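Work through the exercises below with the structure open beside you. Try each task before you read its solution.

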Amino acid sequence: MVGLAWIVLGLFCSIPLYFSGHYLSFIDAVFDGVSGLTTTGASLILDLDHLSYADNTFRFMMHLLGGLGLIVVALSLGIFGKRSGASLYRSEGRSEHVVPNVVHTTRFIAKVTAILITVSTVLVMIVMLISGIEPARAALQAFWVSISGFVTGGFTPMQQSILYYHSMPLEFILMVLMVMGSISFVIYSAIWKGNVQPFFKDIETRTTLLWIGLMVVVFTASMAASNLFSDLPTLLRRGTFMIISSFTTTGFSVISVNQLLTVLTSGAFFSLALVMAVGGGTGSTAGGIKVYRVGIIAKSIVSTVKQAVAPNSARVVVSYNHMGRRILSPVVVKEAMTVFILYVITYVIGALIGIAHGYDATQAIFESVAMTSNGGIITGIAAPGMPVTLELFYILQMWAGRLEFITLLALFAQVIASVVPRKSRFHMNNGADHGKGRPRSRERHLGGTTMAVLLALVLVGAPLLSSCAPTHVLSDDAVVADAASGEQDAQAGQDTSVSDDSAEGAMLDDSPASDANVSEGGEGIEGAAEQTPDVVHAESEHEPTDVTGQSADGSDPSEQLQDVDTGIDEAGVVADEVPKDNRVNTSQLPDSSFIYDASIADLETADPYMNEQTVQVVGEVVGDRIDSEFIGDDCWILLQATDKSYSEVSVIMPYSMSSVIDRYGSYGNIGTKIQVRGTFHLACKDHEGLSDLHAEHVTLVSPGAEMSSPVNSGNLIWGIVLLVLSLVSIFSYNYLRERQR
C-alpha cells in the first residue's frame, strides 16, 4: 500500500507541474513530482526563474510532505488511526520510535520540523533583506529554502541553486540547517528531554565525524592538484558547503554543473559521490545508505576479527551506543548488510544503464548515486530531452532509495504472487476450510491485480501520455516577446559592430581605431562610456543601442532579421543551423584587445581556455539585484540567455552600470535585455572560485515589460475536478473506516 501510494501520489503531483507550462513532456513532470516527494531535488524544469509563486510553493510542499513521509503526515493528522500505524510507519524506511506511541512520534517529528523551519525562515529572510532582495520575494524564498534545507530536499526557487544568492552568512545558516536535518529525530527527543550525552556517545555521531573528517582530507588533497580551485578561501567556502550538501543528500550547490565537471579533479568528484552514497542518519530526512549502517558493518568487522584471534572457548561480545548501550546481534548486522548490498547493486545497475545510453562512465556513476541516495547533485545527464528509458529507471531509483528497498521489493513480490497465484497455497482438504480460504484468495488476487494494473499504467501510460502531450514551455505572449527580443538582439549585434566577414568571426578589435569606426563623430564605445559611466542607453525601445543609430557599414540595423548568436528569426523560431563562423579561435592567446562574441550557453559550458577571456554576451536580467559581500559599490545580477537554452551567468558590476536595468525577469515580467562586455572567470579567485563575468561595459538592448498571464480555463476545470476527486476520496475513506468499526 505504502510503496504504491508514493508512485501514485507522484503521478498526481506531476499534473499541476505539467500544466505550469515549464516542462517539455509529461514524463519530465513525473520525474520532478517523484523527485520532489522523495526529496531528491533533481529537476528537469525549464526556465525556473519565471515560474509562478503558486507553482513554486507547490514544489516545496512536495518536499515537506515527502521529507517527513506520507505516513508520518497522515498519522500526525490521525487519518489512519492507531491500529495500523506502527506497520505503516516502518514501511517508509523508519525503524525507530521517538516515543512509544507511533502517533505521538509522528507529531513530535512534525513539531520539531515546524520549529526549525520557522527559525531558519526568519534568519534567512534577514540575510536576504540585507542583500537587497525585495521583502515579498525574500519572505517566500526564505521559507522555501528553509523547507528544502531541513528536509534535505534540494529544490531551490532559482535555477542557480544557492549559488544565486552570493551570501556567505546564508550558506552558513543552510549548512547548519542541513546538518540538523540529517540527525535522527530520536536524538532530538533525547535532547528535548534534557539528555545531551547520548548525542556524543551515539555510534551515528562518531561514525559521522570519522567519515566526514576522512572525506574532507581526501577532497582537500585531491583539490590541491587543481589550478583553479586550490586556494584556501575557495576550499573553505565552496568545498565545505558541497561536502555538507552531499553528506546530508540535500543537493544544494554553490558551484555550477560545468565546474563540477571541468574544475573539480576526478578525486574530488568521486569524493562527493562517496559522501552522497553513504548519506546521513537513520530516522532523519537524509537519504543514502546511512552512517548508522556503516558503523554497524564496521563493528561487525571488528567482531569477526576478535572471534578469529580469540580462543575457541571465549565468547566475543561487541557493543555499541545508540540511545543506550546495545549488544551487536546477527539480526542487526543482517539488516544493515542487506540494505547496504541493495544500495550498492542499484548504484552499479544505474551506472551501467547510463553507460549503455552512451554517457561518460564517471558521470553515469555519479548520476546513479545521486538518484538512488536521493542526493540530487547532478552532472547534466538528467536533463530535459533525456532518453525516456533512462528517465524511467532514474524514477525507479529515487522511489526505491526513499523507501529503502524493502517496501518496494515487498510490493513487487505481492504483485507477482497475485498475477501468478499458487493454487496449492490455498488448497483446503475439507469443504469448510475451502469455503473460508477462497474469499481470502480472491481478495488477495484482486488487490495484487489492482496494483499490477496501476504499475502498468505508470510504466506504460506515462511515456505514452508524454509522447501524445503537446510540448509547451511558455505562453504565447512570452513567445512573441522572445521573437521581439531576437530582432532586438540582432540590432544589438549590429550596433556593436560584430563583423561576420572578418577572418576571425568571434574576435573584435577593441583598439581605439576600431571604436572610432563605430561612431559617426569619431566617438566609439569608449567615448560613450566616459560620458555615461560604461553604460550605453537606447533612445527608445525600437531604436538601435549604439549612440550613432547605425551599424558600421551604414545600413539600418532594423533590416537585419537574423540573430547571429542564436539563429532566431523574426518569427521567434530557432533556425535549423546556427552560423558556424562565430566561434572562439583556440590559437588566440588571452588578450584584452580581443573580444569574443559568445553566447551565455558558451560560458555555461566553457572549458579552462575561456578563463579570463574578454567576452560580450546578450541576455535578459532575471531575479534580483544582490549587493556584493565585500565591495560596497558593486552588485550581482543574473543574465539569462534568450535562445531557449535558459543558460545563465552571474555578472558583477558597479551600481552605476545597473541603473540601465528597469525590470528584473520573474513570473509575469520580462526582464531588461542588455549586452555585457567584460572578463569571464571560470573560477574567480576574487570570489572564492565562483564562475562569473566582470562587467566592463553595459549596453541596453531593450527595456523590460510586463507579461500578461491570462487564466487557462481548461487547466482551471481540471484543477477543480482533481480537487473534488481528492475530497471525495478522503470522505469515502473516512466513511468506510468508521463503518468497519
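A residue counts as buried under 20% relative accessible area, as exposed over 50%, and as partly exposed in between. Keep in mind that this is a predicted model.

**Exercise 1. Sorting residues by cover**

Task: Decide whether C684, C13, F199 and F200 are buried, partly exposed or exposed.

Solution:
- Step 1. Take C684. Its relative accessibility is 1%, so C684 is buried.
- Step 2. Take C13. Its relative accessible area is 8%, so C13 is buried.
- Step 3. Take F199. A value of 21% makes F199 partly exposed.
- Step 4. Take F200. At 53%, F200 is exposed.
- Step 5. Now look at the whole protein. Of its 741 residues, 52% are buried.

**Exercise 2. Reading ring pairs**

Task: Classify the ring pair of Y164 and Y165, then the ring pair of F199 and F200.

Solution:
- Step 1. Know what to look for. Two aromatic rings are described by the distance of their centres and the angle of their planes.
- Step 2. Recall the cut-off. Planes over 60 degrees apart count as edge-to-face.
- Step 3. Count the pairs. The structure holds 13 aromatic pairs.
- Step 4. Apply this to Y164 and Y165. Their centres lie 5.0 Å apart and their planes meet at 80 degrees, so the pair is edge-to-face. Both Y164 and Y165 are buried.
- Step 5. Apply this to F199 and F200. The centres are 5.1 Å apart and the planes are at 80 degrees, so this pair is edge-to-face.
- Step 6. Find a cluster. Ring pairs link Y18, F19 and F26.

**Exercise 3. A charge over a ring**

Task: Find the rings that the charged end of R59 sits over.

Solution:
- Step 1. Start at F60. The charged end of R59 sits over this ring, 5.6 Å from its centre.
- Step 2. Go to F155. The charged end of R59 sits over that ring too, 4.3 Å from its centre.

**Exercise 4. Following the strands**

Task: Trace the pairing from β6 through β7, β8 and β11 to β10.

Solution:
- Step 1. Set the scene. The protein has 26 helices and twelve strands.
- Step 2. Pair β6 (residues 613-627) with β7. They are antiparallel and share five bridges. One bridge partner pair is I626 and W636.
- Step 3. Check the cover of β7 (residues 634-640). Seven of its seven residues are buried. D634, W636, L638 and Q640 point one way, while C635, I637 and L639 point the other way.
- Step 4. Pair β7 with β8 (residues 648-654). Seven bridges join them in the antiparallel sense. Here C635 has M653 as its bridge partner.
- Step 5. Move to β8 and β11. These run parallel, with three bridges. S650 is matched with D692.
- Step 6. Check the cover of β11 (residues 690-702). Twelve of its 13 residues are buried, so the rest of the structure largely encloses β11.
- Step 7. Finish with β10 (residues 673-684) and β11. They are antiparallel, with ten bridges. G678 has A695 as its bridge partner.
- Step 8. Inspect the turn. β10 and β11 form a hairpin with five residues between them, and E688 in the turn has a positive phi of about 50 degrees.

**Exercise 5. The whole protein**

Task: State how many disulfides the structure holds and how much area the protein exposes.

Solution:
- Step 1. Count the disulfides. There are zero.
- Step 2. Read the area. The protein exposes about 32,400 Å², and carbon and sulfur atoms supply 63% of it.

Note on methods. Residues numbered from 1 in each chain as written. Predicted model: local features only at pLDDT ≥ 70, side-chain atom pairs only at ≥ 80, totals over all residues. Heavy atoms only, no water. Disulfide = S-S within 2.5 Å. Buried < 20%, exposed > 50% of the residue type's maximum accessible area, 1.4 Å probe, protein only. Helix = DSSP H or I, 4+ residues; strand = E, 2+ residues; numbered from the N terminus. Pairing = 2+ DSSP bridges. Areas by Shrake-Rupley, 256 points an atom, 1.4 Å probe, with all protein chains shown as cover. Phe/Tyr/Trp six-rings, centres within 6.5 Å; stacked < 30°, edge-to-face > 60°. Lys NZ or Arg CZ within 6 Å of the ring centre and 35° of its normal.
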